[in-house]
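Biologist: I would like a close look at a single part of this protein, one strand and the partners on either side. Please set that part in the context of the whole chain and define your terms as you go.

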Amino acid sequence: MEFLQVGKIVNTHALQGEVKVVSNSDFKEERFKKGSQLFIEFNGEYIEVIVATHREHKGADLLKFKHLNSINDVEKYKGCDLLVSAENLDDLDENEFYYFEIIGCTVKATTGEEIGEITEILETGANDVWVVKRKGQKDALIPYIEDVVKSVDVEAKEVIIEVLEGLL
């Protein structure tokens, strides 16, 4: 079974078994809703947990899992990754992608010139910006807009862009 990280358990909260999670999921309302199945990566094993409650508190997500009812039950999971099974991912609309599908893609210009590899995605509000690591040069910031990104092939891990003046 393949897993994808949706967050990291950074601490415990209170005595009733809540954990403080830093999320890296675009779909945390869905991932952390009551009844959702998640996995904790602990000592090389994947521990299945079911979300009992979710709430936000001071910029973090607080989760409580069924059958983990005290701080003693969850303390050992501090620092562990919180995962979702890849089988539980929803299909996205056309031209929408999961971050894990984009990060690691090779970026090429429409001329065929290789520019670099996408290492990070920044959320700016209007559109995402892809950080492209280039050999021997500063990272390039590529806006995910129609005028720039011409094609994305997640199977081939390749993105084709139109290099507009001043972009690189």
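Modeller: What follows begins with the whole chain, moves to one strand, and ends with the aromatic pairs.

This is a predicted model, in which local features need pLDDT of at least 70 and side-chain atom pairs count only at pLDDT 80 or more, while totals for chains, interfaces and linings use all residues. Residues are numbered from 1 along each chain as its sequence is written, and side-chain values use heavy atoms, with hydrogens and water left out.

The C-alpha trace spans about 60 × 30 × 30 Å along its principal axes, and the secondary structure comes to three helices and 12 strands. Helices (H or I, at least four residues) and strands (E, at least two) are DSSP runs, numbered from the N terminus. The domain assignment, which is automatic or taken from a database, gives domain 1 (3–88) and domain 2 (99–161), and the centres of domain 1 and domain 2, taken over C-alpha atoms, are separated by 31 Å. An unreviewed UniProt entry places "domain: RimM N-terminal" at residues 5–87 and lists "domain: Ribosome maturation factor RimM PRC barrel" at residues 100–166; such annotations may be inferred rather than shown by experiment. The span 5–87 is 10% helix and 54% strand, with its end C-alpha atoms 13 Å apart, whereas residues 100–166 are 4% helix and 49% strand, with end C-alpha atoms 28 Å apart.

The strand for the close look is β7, residues 106–109. Its side chains alternate, with Val107 and Ala109 pointing to one face and buried, while Thr106 and Lys108 point to the other face and are not buried. Here buried means under 20% relative accessible area, exposed means over 50%, and partly exposed lies in between (1.4 Å probe, protein chains only). In a regular strand the side chains alternate between the two faces of the sheet.

Two strands count as paired if DSSP finds at least two bridges between them. Strand β7 is joined to β8 (residues 114–123) by three bridges, and these two strands run antiparallel. Lysine 108 has glutamate 114 of β8 as its bridge partner. The two strands form a hairpin with four residues between them, and glycine 112 in that turn has a positive phi of about 100°. Strand β7 is also joined by four bridges to β12 (residues 158–161), and this pairing is parallel. Valine 107, one of the buried residues of β7, has valine 159 of β12 as its bridge partner.

Turning to the aromatic rings, those of Phe, Tyr and Trp (its six-membered ring) pair if their centres lie within 6.5 Å, and planes under 30 degrees apart count as stacked, over 60 as edge-to-face and the rest as tilted. The count comes to six aromatic pairs. Among them, phenylalanine 42 and tyrosine 77 are edge-to-face, 5.1 Å centre to centre with 80° between the planes. Phenylalanine 42 lies in β3 (residues 37–42) and tyrosine 77 in the loop between α2 (71–74) and β6 (81–85), so this pair ties together parts that are 35 residues apart in sequence. Tyrosine 77 is buried, at a relative accessible area of 6%.

Phenylalanine 97 and tyrosine 144 form another edge-to-face pair, 6.4 Å centre to centre with 70° between the planes. Phenylalanine 97 is in the loop between β6 and α3 (99–102), and tyrosine 144 is in the loop between β10 (140–143) and β11 (149–153), 47 residues apart. Phenylalanine 97 is partly exposed at 22% relative accessible area, and tyrosine 144 is partly exposed at 23%.
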